[in-house]
Amino acid sequence: MELFTKTNRMNGDLTFPLLVDETIPDDPIVMNQSFDILQHLWDHYGQSLRTPTKSDGRRHDQILNDARIPFPLRFLSLSGPSYMRPFPTCGVLRTPSNYACDGPSMVLHQAENCPESRLVREVLCTLELPYYSIPSLADGARSSVPILDVAGLSPIQGASDCVEYLWNTHRNDAEPFPSFVDRIPEGDNIGRSGSFAVGAYTAFLRGTRSTVPEQSMK
(Lines give C-alpha, C1' and ligand atoms only; values in the text may rest on other atoms or scores of the structure.)
Protein backbone atom coordinates (compact mmCIF):
# COMPACT_ATOMS: atom_id res chain seq x y z
CA MET A 1 0.00 0.00 0.00
CA GLU A 2 2.89 2.38 0.75
CA LEU A 3 4.33 1.74 -2.70
CA PHE A 4 0.92 2.34 -4.27
CA THR A 5 0.36 5.61 -2.43
CA LYS A 6 3.80 7.00 -3.16
CA THR A 7 3.79 6.15 -6.85
CA ASN A 8 0.21 7.05 -7.56
CA ARG A 9 0.84 10.57 -6.27
CA MET A 10 4.15 11.08 -8.06
CA ASN A 11 2.64 13.96 -10.04
CA GLY A 12 0.72 15.42 -7.12
CA ASP A 13 -2.57 13.86 -8.22
CA LEU A 14 -4.34 10.61 -7.48
CA THR A 15 -4.40 9.14 -10.96
CA PHE A 16 -5.49 6.01 -12.75
CA PRO A 17 -4.86 3.64 -14.44
CA LEU A 18 -2.15 2.23 -12.21
CA LEU A 19 -0.13 -0.83 -13.19
CA VAL A 20 1.74 -2.90 -10.59
CA ASP A 21 3.88 -5.53 -12.33
CA GLU A 22 5.25 -7.98 -9.76
CA THR A 23 6.60 -10.47 -12.27
CA ILE A 24 9.95 -9.87 -10.58
CA PRO A 25 8.97 -9.92 -6.86
CA ASP A 26 12.17 -8.20 -5.67
CA ASP A 27 11.85 -5.39 -8.22
CA PRO A 28 8.16 -4.51 -8.77
CA ILE A 29 7.33 -2.03 -11.51
CA VAL A 30 4.71 0.60 -10.79
CA MET A 31 3.52 3.16 -13.33
CA ASN A 32 0.45 5.33 -13.73
CA GLN A 33 0.58 6.79 -17.23
CA SER A 34 -1.52 4.89 -19.77
CA PHE A 35 0.91 5.47 -22.61
CA ASP A 36 3.85 4.23 -20.54
CA ILE A 37 1.81 1.22 -19.43
CA LEU A 38 1.01 0.30 -23.05
CA GLN A 39 4.66 0.53 -24.02
CA HIS A 40 5.72 -1.55 -21.02
CA LEU A 41 3.24 -4.32 -21.83
CA TRP A 42 4.26 -4.50 -25.49
CA ASP A 43 7.99 -4.40 -24.66
CA HIS A 44 7.88 -7.07 -21.96
CA TYR A 45 5.07 -9.39 -23.04
CA GLY A 46 4.46 -8.80 -26.73
CA GLN A 47 7.76 -9.89 -28.24
CA SER A 48 6.35 -13.17 -29.56
CA LEU A 49 3.27 -11.54 -31.10
CA ARG A 50 2.97 -10.40 -34.65
CA THR A 51 1.48 -6.99 -34.04
CA PRO A 52 -0.29 -5.07 -36.81
CA THR A 53 1.74 -2.02 -37.76
CA LYS A 54 1.68 0.74 -40.35
CA SER A 55 4.42 1.40 -42.87
CA ASP A 56 6.16 3.75 -40.41
CA GLY A 57 6.45 0.96 -37.82
CA ARG A 58 3.84 2.28 -35.41
CA ARG A 59 1.20 0.05 -33.86
CA HIS A 60 -2.46 0.90 -34.32
CA ASP A 61 -2.83 1.96 -30.67
CA GLN A 62 0.06 4.40 -31.13
CA ILE A 63 -1.65 5.94 -34.13
CA LEU A 64 -4.96 6.35 -32.31
CA ASN A 65 -3.17 7.94 -29.33
CA ASP A 66 -1.01 10.26 -31.40
CA ALA A 67 -0.79 13.74 -29.89
CA ARG A 68 -1.41 15.17 -33.36
CA ILE A 69 -4.99 13.92 -33.09
CA PRO A 70 -7.03 16.49 -31.10
CA PHE A 71 -7.78 15.27 -27.61
CA PRO A 72 -11.58 15.52 -28.01
CA LEU A 73 -11.41 13.03 -30.88
CA ARG A 74 -9.16 10.67 -28.93
CA PHE A 75 -11.43 11.00 -25.91
CA LEU A 76 -14.57 10.21 -27.90
CA SER A 77 -12.97 7.17 -29.56
CA LEU A 78 -12.22 5.70 -26.13
CA SER A 79 -15.38 6.72 -24.30
CA GLY A 80 -17.83 6.07 -27.13
CA PRO A 81 -19.14 2.77 -25.69
CA SER A 82 -19.75 4.41 -22.31
CA TYR A 83 -21.77 7.20 -23.97
CA MET A 84 -24.07 4.51 -25.31
CA ARG A 85 -24.71 3.43 -21.69
CA PRO A 86 -24.58 6.74 -19.75
CA PHE A 87 -26.00 5.41 -16.50
CA PRO A 88 -24.18 5.89 -13.18
CA THR A 89 -24.36 2.19 -12.32
CA CYS A 90 -22.82 1.13 -15.65
CA GLY A 91 -19.33 1.52 -14.28
CA VAL A 92 -19.45 5.33 -14.37
CA LEU A 93 -19.97 6.22 -10.69
CA ARG A 94 -19.32 4.39 -7.44
CA THR A 95 -22.25 2.46 -5.99
CA PRO A 96 -21.92 1.74 -2.23
CA SER A 97 -21.15 -1.90 -1.54
CA ASN A 98 -20.80 -4.05 1.55
CA TYR A 99 -17.73 -5.91 0.33
CA ALA A 100 -15.17 -6.63 3.04
CA CYS A 101 -11.43 -6.59 2.42
CA ASP A 102 -11.24 -10.20 3.55
CA GLY A 103 -14.16 -11.25 1.35
CA PRO A 104 -14.01 -14.17 -1.07
CA SER A 105 -11.70 -13.78 -4.05
CA MET A 106 -13.28 -13.54 -7.50
CA VAL A 107 -11.92 -14.48 -10.91
CA LEU A 108 -13.66 -13.30 -14.08
CA HIS A 109 -13.08 -15.26 -17.29
CA GLN A 110 -14.04 -12.81 -20.01
CA ALA A 111 -13.34 -11.47 -23.48
CA GLU A 112 -12.74 -7.76 -24.03
CA ASN A 113 -14.94 -7.59 -27.13
CA CYS A 114 -17.75 -9.66 -25.61
CA PRO A 115 -20.79 -7.47 -24.75
CA GLU A 116 -21.91 -9.93 -22.06
CA SER A 117 -18.50 -9.68 -20.39
CA ARG A 118 -18.78 -5.89 -20.40
CA LEU A 119 -22.01 -6.09 -18.40
CA VAL A 120 -20.22 -7.98 -15.63
CA ARG A 121 -17.17 -5.67 -15.69
CA GLU A 122 -19.46 -2.64 -15.31
CA VAL A 123 -21.00 -4.01 -12.11
CA LEU A 124 -17.61 -5.01 -10.69
CA CYS A 125 -16.39 -1.50 -11.43
CA THR A 126 -19.33 0.46 -10.02
CA LEU A 127 -19.29 -1.66 -6.82
CA GLU A 128 -15.47 -1.33 -6.64
CA LEU A 129 -15.02 -5.06 -6.19
CA PRO A 130 -11.49 -6.45 -6.51
CA TYR A 131 -11.18 -9.36 -8.91
CA TYR A 132 -8.75 -11.18 -11.16
CA SER A 133 -9.39 -11.05 -14.89
CA ILE A 134 -8.45 -13.94 -17.16
CA PRO A 135 -8.92 -12.89 -20.79
CA SER A 136 -10.21 -15.43 -23.27
CA LEU A 137 -9.57 -15.61 -26.98
CA ALA A 138 -11.94 -13.45 -28.97
CA ASP A 139 -12.73 -16.15 -31.54
CA GLY A 140 -15.40 -18.53 -30.38
CA ALA A 141 -15.31 -17.23 -26.81
CA ARG A 142 -18.75 -15.64 -26.69
CA SER A 143 -20.52 -18.95 -26.08
CA SER A 144 -18.57 -19.66 -22.88
CA VAL A 145 -17.83 -16.29 -21.25
CA PRO A 146 -18.36 -14.58 -18.95
CA ILE A 147 -17.71 -17.01 -16.12
CA LEU A 148 -17.31 -15.74 -12.56
CA ASP A 149 -15.40 -17.95 -10.14
CA VAL A 150 -16.09 -17.06 -6.52
CA ALA A 151 -14.20 -18.83 -3.74
CA GLY A 152 -16.46 -21.37 -2.09
CA LEU A 153 -19.12 -21.32 -4.83
CA SER A 154 -19.72 -23.15 -8.07
CA PRO A 155 -18.72 -21.18 -11.18
CA ILE A 156 -21.37 -18.68 -12.27
CA GLN A 157 -21.82 -18.57 -16.03
CA GLY A 158 -23.66 -16.03 -18.12
CA ALA A 159 -23.96 -12.27 -17.75
CA SER A 160 -27.44 -12.27 -16.19
CA ASP A 161 -26.52 -14.74 -13.44
CA CYS A 162 -23.19 -13.02 -12.74
CA VAL A 163 -24.77 -9.57 -12.53
CA GLU A 164 -27.62 -10.84 -10.34
CA TYR A 165 -25.16 -12.46 -7.92
CA LEU A 166 -23.00 -9.33 -7.65
CA TRP A 167 -25.92 -6.96 -7.04
CA ASN A 168 -27.69 -9.24 -4.56
CA THR A 169 -24.52 -10.10 -2.64
CA HIS A 170 -22.51 -6.88 -2.57
CA ARG A 171 -24.89 -3.96 -3.08
CA ASN A 172 -25.34 -1.90 0.11
CA ASP A 173 -29.11 -1.43 0.20
CA ALA A 174 -28.84 1.10 3.01
CA GLU A 175 -27.23 3.67 0.67
CA PRO A 176 -28.94 5.30 -2.33
CA PHE A 177 -27.87 4.75 -5.89
CA PRO A 178 -25.50 7.45 -7.21
CA SER A 179 -26.54 10.16 -9.66
CA PHE A 180 -24.70 12.77 -11.70
CA VAL A 181 -26.07 15.59 -9.54
CA ASP A 182 -24.50 14.16 -6.38
CA ARG A 183 -21.79 16.27 -4.80
CA ILE A 184 -18.20 15.15 -5.17
CA PRO A 185 -16.78 14.07 -1.78
CA GLU A 186 -14.55 16.61 -0.09
CA GLY A 187 -10.82 16.00 -0.28
CA ASP A 188 -8.28 15.22 -2.95
CA ASN A 189 -10.20 14.93 -6.22
CA ILE A 190 -7.60 16.18 -8.74
CA GLY A 191 -8.95 19.70 -8.56
CA ARG A 192 -12.56 18.80 -9.20
CA SER A 193 -15.47 20.09 -7.13
CA GLY A 194 -19.23 20.47 -7.32
CA SER A 195 -21.39 17.76 -8.87
CA PHE A 196 -20.05 14.71 -10.66
CA ALA A 197 -21.20 16.16 -13.98
CA VAL A 198 -19.18 19.36 -13.41
CA GLY A 199 -16.24 17.30 -12.19
CA ALA A 200 -16.28 15.16 -15.33
CA TYR A 201 -16.23 18.30 -17.48
CA THR A 202 -13.29 19.66 -15.47
CA ALA A 203 -11.40 16.42 -15.98
CA PHE A 204 -12.12 16.66 -19.71
CA LEU A 205 -10.70 20.18 -19.86
CA ARG A 206 -7.56 19.00 -18.09
CA GLY A 207 -7.18 16.27 -20.66
CA THR A 208 -7.46 18.69 -23.58
CA ARG A 209 -4.35 20.42 -22.29
CA SER A 210 -2.41 17.16 -22.00
CA THR A 211 -0.03 15.73 -24.54
CA VAL A 212 1.22 12.24 -25.28
CA PRO A 213 4.75 11.71 -23.89
CA GLU A 214 7.12 11.52 -26.84
CA GLN A 215 9.04 8.61 -25.36
CA SER A 216 5.85 6.56 -25.28
CA MET A 217 5.36 6.85 -29.01
CA LYS A 218 8.78 5.60 -30.06
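Where is leucine 18 found? Leucine 18 sits in the loop between α1 (2–8) and β1 (19–21). The setting of this residue, and of others discussed below, is taken from a predicted model.

**Leucine 18 and its surroundings**

With a relative accessible area of 21%, leucine 18 is partly exposed, because the buried class requires a value under 20%. Isoleucine 37 is 19 residues away from leucine 18 along the chain, and the C-alpha atoms of the two residues are separated by 8.3 Å.

**Confidence and overall architecture**

The chain has a mean pLDDT of 75, and 70% of its residues reach 70 or more. Over residues 208–218 the pLDDT stays under 50. For that stretch, the model has 18 contacts beyond four places in sequence.

The chain contains 8 helices and 6 strands. Their order along the sequence follows the pattern α-β-β-α-α-α-α-β-α-β-β-β-α-α. Of the 218 residues of the chain, 30% count as buried. When contacts between residues at least 6 apart in sequence are considered, 54% join residues at least 24 apart.

**The largest nonpolar core**

The largest nonpolar core has 16 residues. Those with the most contacts inside this core are Met106, Val120, Leu124, Leu129, Leu148 and Leu166. At least two residues of the core are supplied by each of β3 (106–110), α6, β5 (147–150) and α7. Helix α7 provides the largest share, with 5 residues.

Valine 120 gives a view of the packing at one of these core positions. Apart from neighbours within four places in sequence, valine 120 is in contact with Leu108, Pro146, Ala159, Cys162, Val163 and Leu166. One of these partners, Leu166, is itself listed among the core residues with the most contacts.

**Salt bridges**

A search of the whole structure finds 3 salt bridges. They are set out below with the separation of the N and O atoms.

| Acidic residue | Basic residue | N to O separation |
|---|---|---|
| Glutamate 128 | Arginine 94 | 2.8 Å |
| Glutamate 122 | Arginine 118 | 3.1 Å |
| Glutamate 112 | Arginine 121 | 3.8 Å |

What does the pair of glutamate 128 and arginine 94 tie together? Glutamate 128 lies in the loop between α6 and β4 (132–135), while arginine 94 lies in the loop between α5 (88–92) and β3, so the pair ties together parts that are 34 residues apart in sequence.

The bridge between glutamate 122 and arginine 118 has another setting. Both residues belong to helix α6, and because they are 4 residues apart they are separated by about one helical turn. Arginine 118 counts as partly exposed, at 25% relative accessibility. Glutamate 122, by contrast, has a relative accessible area of 7% and is therefore buried.

Helix α6 spans residues 115–126. Besides its salt bridge with arginine 118, glutamate 122 touches Arg85, Thr89, Cys90 and Gly91, when residues up to four places away in sequence are not counted.

In the remaining pair, are arginine 121 and glutamate 112 buried or exposed? Arginine 121 is buried, with a relative accessible area of 16%. Glutamate 112 is exposed, because its relative accessible area is 61% and the exposed class begins over 50%.

**The aromatic pair and a neighbouring charge**

The structure holds 1 aromatic pair. Tryptophan 167 and phenylalanine 177 form this pair in an edge-to-face arrangement, with 5.9 Å centre to centre and 65 degrees between the planes. The pair links distant parts of the chain, 10 residues apart: tryptophan 167 lies in helix α7 (residues 159–170) and phenylalanine 177 in the loop between α7 and α8 (196–208).

Both rings belong to residues that count as partly exposed, tryptophan 167 at 22% relative accessibility and phenylalanine 177 at 46%. Phenylalanine 177 also has a charged partner: arginine 171 lies over the face of its ring, at 3.8 Å from the ring centre.

Helix α7 thus appears in two parts of this description. It supplies 5 residues to the largest nonpolar core, and it carries tryptophan 167 of the aromatic pair.

Conventions. Residues numbered from 1 in each chain as written. Predicted model: local features only at pLDDT ≥ 70, side-chain atom pairs only at ≥ 80, totals over all residues. Heavy atoms only, no water. pLDDT = per-residue confidence, 0-100. Contact = heavy atoms within 4.5 Å. Phe/Tyr/Trp six-rings, centres within 6.5 Å; stacked < 30°, edge-to-face > 60°. Buried < 20%, exposed > 50% of the residue type's maximum accessible area, 1.4 Å probe, protein only. Lys NZ or Arg CZ within 6 Å of the ring centre and 35° of its normal. Core = buried A, V, L, I, M, F, W, Y, C linked by side-chain atoms within 4.5 Å. Salt bridge = Lys/Arg side-chain N within 4 Å of Asp/Glu carboxyl O.
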